[in-house]
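The following exchange works through some questions that a student may ask when reading a protein model.

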Amino acid sequence: MKLQPRQQLMELWEAAARTSYRDRQWVWGGRDGANSIADAEQLLCLMYPAAELPGFRLDTPDETADDVLNALDVLGDSVEIPRLLLRLFTQYLRTYTYEDGRPDFSGGSYFQPGAPGDEITADQRAIDVVDSYSMSITLMLSMLGFLRVFRQSVRREGIRREIRELEALAGDRLSAAMVGMLRSFSVNAFEPSSPQGEALLRTANQTGAPRRRVLDDFQKQLQEVRAGLRDLTIGSGVVDLDNPNLLFECGWSWSVVKDAPTVETNLEVGQQPKGVAADTPYLYFTVNALVGLVDLWSERTRVLGLLNDDQQKLATALQRRWDLTQAYWRTVATYGKGRWPLEDIPWRTTDGKESDYYSLGVTAMVVQYLARSRAGDVDLNRVAGILEELAMRARIIRRAVPGDPPVALHTPGVRVNLHGSDELGPQMIWVVSDFAITLLKRTIWVSNVAQSSRTRERLHNLADQIWQHIQARQFASGVHKGLWDQPANAFPDIGLRYEQPSWYFTERVVEFLVSLAQASGEPPLRSSQLFEIAGEMLSEAEHLLSREQVLRPALPGQHLRSSVSGVQAALQRARAIMGERPGSAIALISDALLELERQATARENASEAM
């Protein structure tokens with residue numbers, strides 16, 4: 001692949017620091033202004049790599065890498081940067097906390113009116129949104145991990161006291177975000193004969209089988225998910241699914257669902273807001289919830305002990321919903337023995353909406369499952385084909401023509417109606433414009449679990465093409481150079497050019513580069529064929545070495561003896577790494593065989609000369 005994640009992350013850090021820190025003041029807000037999500041995204045551009053990649057750590061001043069300091073030199077040195085981060089944490093947590101102590105998870109300026117001329121009310125802008133819950137979980141865990149480690153380097157009591165106060169605030173916001181997630185979960189049940197039921201069965205039935213047979217088999221495939229949902233006892237999503245004839249769907253709504261019960265907990269989460277969102281899952285918010293929740297049970301969270309006992313209980317409840325939701329959508333997306341419903345692009349939701357973006361969202365849940373189950377290359381190749389088709393349909397790896405409708409996926413983006421928001425004013429919408437970078441993230445996920453070198457190469461080529469498109473959308477000059485998103489650079493037919501960067505898009509680029517850097521640290525793909533070849537070559541080389549040690553003449557000089565020792569050491573190393581890196585082992589064995597051949601030739605020549 002042509003991507004170099006460390007170098008590109010350093011360049012991105014330099015650009016983010018230059019844009020955000022001017023005249024020794026942090027400038028909040030980007031293209032869409034400041035809100036609880038945009039400001040979290042801006043902070044995560046720094047905090048996410050620092051939390052997830054050892055070489056980017058900022059919490060241990062004595063160990064901060066030189067290239068990190070060079071990239072962030074506008075923020076200060078290795079001591080000043082952590083202190084600046086403490087101030088930024090304080091500003092964020094104080095700004096997005098109401099006077100009564102309840103954390104603020106409002107969508108704010110990210111909410112848009114559904115019709116021209118409508119004006120969103122203040123009460124509507126203050127509604128909590130699932131994106132803010134998800135982003136806060138990731139940011140708070142990054143904060144808590146940073147504070148936990150940085151505290152060990154601090155001696156001044158004033159700073160230690162500030163760290164304790166920040167840990168309490170971040171912990172409370174984390175708890176409130178988890179409670180909000182539990183109250184935003186939705187299970188929507190409906191009759192098979194309803195419009196929703198007909199739409200779901202039409203999506204599942206890709207072979208034209210009799211409706212009754214598809215319905216019975218489909219219900220059977222979802223038995224375990226149905227049983228799991230019936231056992232939910234905390235938060236929203238508790239519905240009566242005892243009627244086996246009902247169809248259903250599950251996931252996250254866009255906010256706390258209407259009539260959601262409060263969550264009983266000993267944690268400080270403030271007054272739990274009244275829900276207004278329609279009690280139905282949204283693909284976009286479901287995928288974002290699944291991505292954010294993973295951080296709750298990551299290895300880093302466990303090792304640093306970032307969750308207390310009460311938070312662990314909430315995390316367990318959320319993990320059950322995570323597992324059930326992923327199982328549901330994976331079952332629907334891959335149902336049947338012929339073509340997958342997911343391969344029938346674009347995906348059609350139960351309310352009749354169709355979009356390539358919905359196909360991309362469902363693909364994310366299938367990819368998560370394939371990654372966890374280490375799926376075979378037959379399934380991975382099918383997903384690779386879906387990703388390639390989406391890249392072509394979205395004009396990412398194909399040239400767009402003037403007036404091309406797919407360009408709307410990127411700008412202005414996909415409009416998502418926020419049903420229930422009209423209780424407090426005009427209908428609101430949520431605009432989604434991260435198709436390209438989300439597609440790239442899914443492509444890398446699949447390539448990381450592919451066992452076939454051919455499949456992996458296919459996905460790497462696709463990733464390089466998507467990345468080339470995304471790079472073209474960077475700001476090319478000015479103070480924002482190196483940040484995103486300027487779609488007019490990739491689609492000349494777009495007349496609108498932005499003056500401010502989008503932290504929404506830039507943060508997702510950061511997530512992608514971090515995941516790519518993490519994947520680079522994993523062992524390389526092991527080929528069973530190379531392993532067998534390495535084993536045969538090693539057997540031959542060890543046999544020849546033993547023969548050479550017995551038969552070689554006692555020639556004068558140390559060179560021959562040292563050569564034999566070198567061959568022996570190379571073969572020992574080859575045996576040690578053969579299981580993980582058979583290609584490297586073959587290279588060592590080849591060199592050893594060449595040396596053994598030279599020695600055998602020298603011995604034969606010496607015998608002929610006598």
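Helix, pockets, cavities and cysteines

User: Before we begin, what kind of model is this?
Analyst: Local features are reported where pLDDT is at least 70. The model is predicted.

User: How far apart are the end C-alpha atoms of helix 13, and what span should its 25 residues have?
Analyst: Helix 13 covers residues 309-333, and its expected span follows from a value of 1.5 Å a residue. The end C-alpha atoms are 36 Å apart, which agrees with the span that the 25 residues should have, 36 Å.

User: Which residue has a side-chain oxygen that reaches a backbone nitrogen at the start of helix 13?
Analyst: The backbone nitrogen in question belongs to Asp 310. A side-chain oxygen reaches to within 3.2 Å of that nitrogen, and the residue that provides the oxygen is Asn 308.

User: Which residues are closest to the centre of the second largest pocket?
Analyst: This pocket has a volume of about 500 Å³. It is lined by 25 residues, and the closest to its centre are Tyr 282, Thr 349, Asp 351, Lys 353 and Tyr 358.

User: How many residues of each class are in the lining of the second largest pocket?
Analyst: The elements that give two or more residues to this lining are helix 8, helix 11, strand 6, strand 7 and strand 8. By class, the lining has six charged, eight polar and 11 nonpolar residues.

User: Which helix gives the largest share of the lining of the largest cavity?
Analyst: The largest cavity has a volume of about 90 Å³. Among the 14 residues that line it, Asp 128, Ala 176, Val 269, Gln 272 and Pro 273 are the closest to its centre. The largest share, four residues, comes from helix 7.

User: Which helix gives the largest share of the lining of the second largest cavity?
Analyst: About 70 Å³ of space lies in this cavity. Its lining includes Glu 52, Thr 138 and Arg 300. Two elements, helix 6 and helix 12, give two or more residues to the lining. The largest share, three residues, comes from helix 6.

User: Is Cys 250 buried or exposed?
Analyst: A residue counts as buried when its relative accessible area is under 20%. The relative accessible area of Cys 250 is 0%, so this residue is buried.

User: How many disulfides does a search of the whole structure find?
Analyst: A disulfide requires a pair of cysteine sulfur atoms within 2.5 Å. The number of disulfides found in the whole structure is zero.

Technical notes: Residues numbered from 1 in each chain as written. Predicted model: local features only at pLDDT ≥ 70, side-chain atom pairs only at ≥ 80, totals over all residues. Heavy atoms only, no water. Expected span 1.5 Å × (residues − 1). Polar contact = N/O pair within 3.5 Å; in protein donor to acceptor, adjacent residues only side chain to side chain. 1 Å grid on protein atoms, 1.4 Å probe; cavity = no way out; pocket = protein on both sides within 12 Å on 5 of 7 lines; lining within 4 Å. Points joined across faces, edges and corners; volume = space filled by probe spheres on them. Nonpolar A, V, L, I, M, F, W, Y, C, P; charged D, E, K, R; others polar. Buried < 20%, exposed > 50% of the residue type's maximum accessible area, 1.4 Å probe, protein only.
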